[in-house]
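Me: I have a structure to go through and would like short answers with the criteria spelled out. Here it is.

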Amino acid sequence: SHQIQALQSSECLVIEDTVAGVEAAKKAGMICMAVSNSYSASELKAANWVRSNLVGFKIREAEQFFKI
């Protein structure tokens, strides 16, 4: 049988490209990486970090934001 383990919001990574999405993720207590497709990096600065795109993204980049 499979068990479903509940995650805390602080254990979730959100990838967003809008200001409203970043704000919602942060308000929910989630780690947020923003991608500056729709908005500039400065507009998305509330995210934990901003990338210009997802090319070459490695999940290890997010480890510093989680208690592992």
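Me: Which residues does Ala-34 touch, not counting residues up to four places away in sequence?

Reply: This is a predicted model, in which local features need pLDDT of at least 70, side-chain atom pairs count only at pLDDT 80 or more, and totals for chains, interfaces and linings use all residues. Residues are numbered from 1 along each chain as its sequence is written, and side-chain values use heavy atoms, with hydrogens and water left out. Contact means heavy atoms within 4.5 Å. On that basis, Ala-34 touches Glu-16, Val-22, Leu-44, Ala-47, Trp-49, Val-50 and Arg-51.

Me: Which residues make up the largest nonpolar core?

Reply: A nonpolar core is a set of buried Ala, Val, Leu, Ile, Met, Phe, Trp, Tyr and Cys residues joined through side-chain atoms within 4.5 Å. Buried means under 20% relative accessible area, exposed over 50%, and partly exposed in between (1.4 Å probe, protein chains only). The largest such core has seven residues: Val-14, Val-22, Ala-25, Cys-32, Ala-34, Leu-44 and Ala-47.

Me: Which elements each supply at least two residues of this core?

Reply: Helices (H or I, at least four residues) and strands (E, at least two) are DSSP runs, numbered from the N terminus. Apart from this core lies another, of six residues, with Met-33, Val-35, Trp-49 and Ala-62 among them. For the largest core, the elements that each give at least two residues are α1 (19-27) and β2 (31-35).

Me: In what order do the strands stand in the sheet?

Reply: Read along the sequence, the protein follows the pattern β-α-β-β. Two strands pair if DSSP finds at least two bridges between them, and β1 and β2, which run parallel, are joined by four. β1 (13-16) and β3 (49-51) each have a single partner strand, so they stand at the edges. The three strands form an open sheet with parallel pairing, in the order β1-β2-β3.

Me: What angle does the direction of α1 make with that of β2?

Reply: Axes are lines fitted to C-alpha atoms, for helices over the stretch in contact, and angles run from 0 to 180 degrees between N-to-C directions. Within the sheet, the twist averages 25° from one strand to the next. α1 packs on the sheet, where it touches β1 and β2, and its direction makes with that of β2 an angle of about 170°.

Me: Why is Cys-32 not bonded to Cys-12, and how far apart are the sulfurs?

Reply: A disulfide is a pair of cysteine sulfur atoms within 2.5 Å, and the structure holds zero of them. Cys-32 counts as buried because its relative accessibility is 0%, whereas Cys-12, at 22%, counts as partly exposed. The sulfur of Cys-32 is too far for a bond from the closest cysteine sulfur, in Cys-12; the distance is 12 Å.

Me: Is Asn-37 buried or exposed?

Reply: Asn-37 is found in the loop between β2 and β3. Leaving aside neighbours within four places in sequence, Asn-37 is in contact with Asp-17 and Ser-52. Its relative accessibility is 54%, so Asn-37 counts as exposed.

Me: What share of the accessible surface belongs to carbon and sulfur atoms?

Reply: Accessible areas come from the Shrake-Rupley method with a 1.4 Å probe; for residues, only the protein chains shown count as cover. Buried residues make up 22% of the 68 residues. The accessible surface of the protein comes to about 5,000 Å², and the part belonging to carbon and sulfur atoms is 51%.
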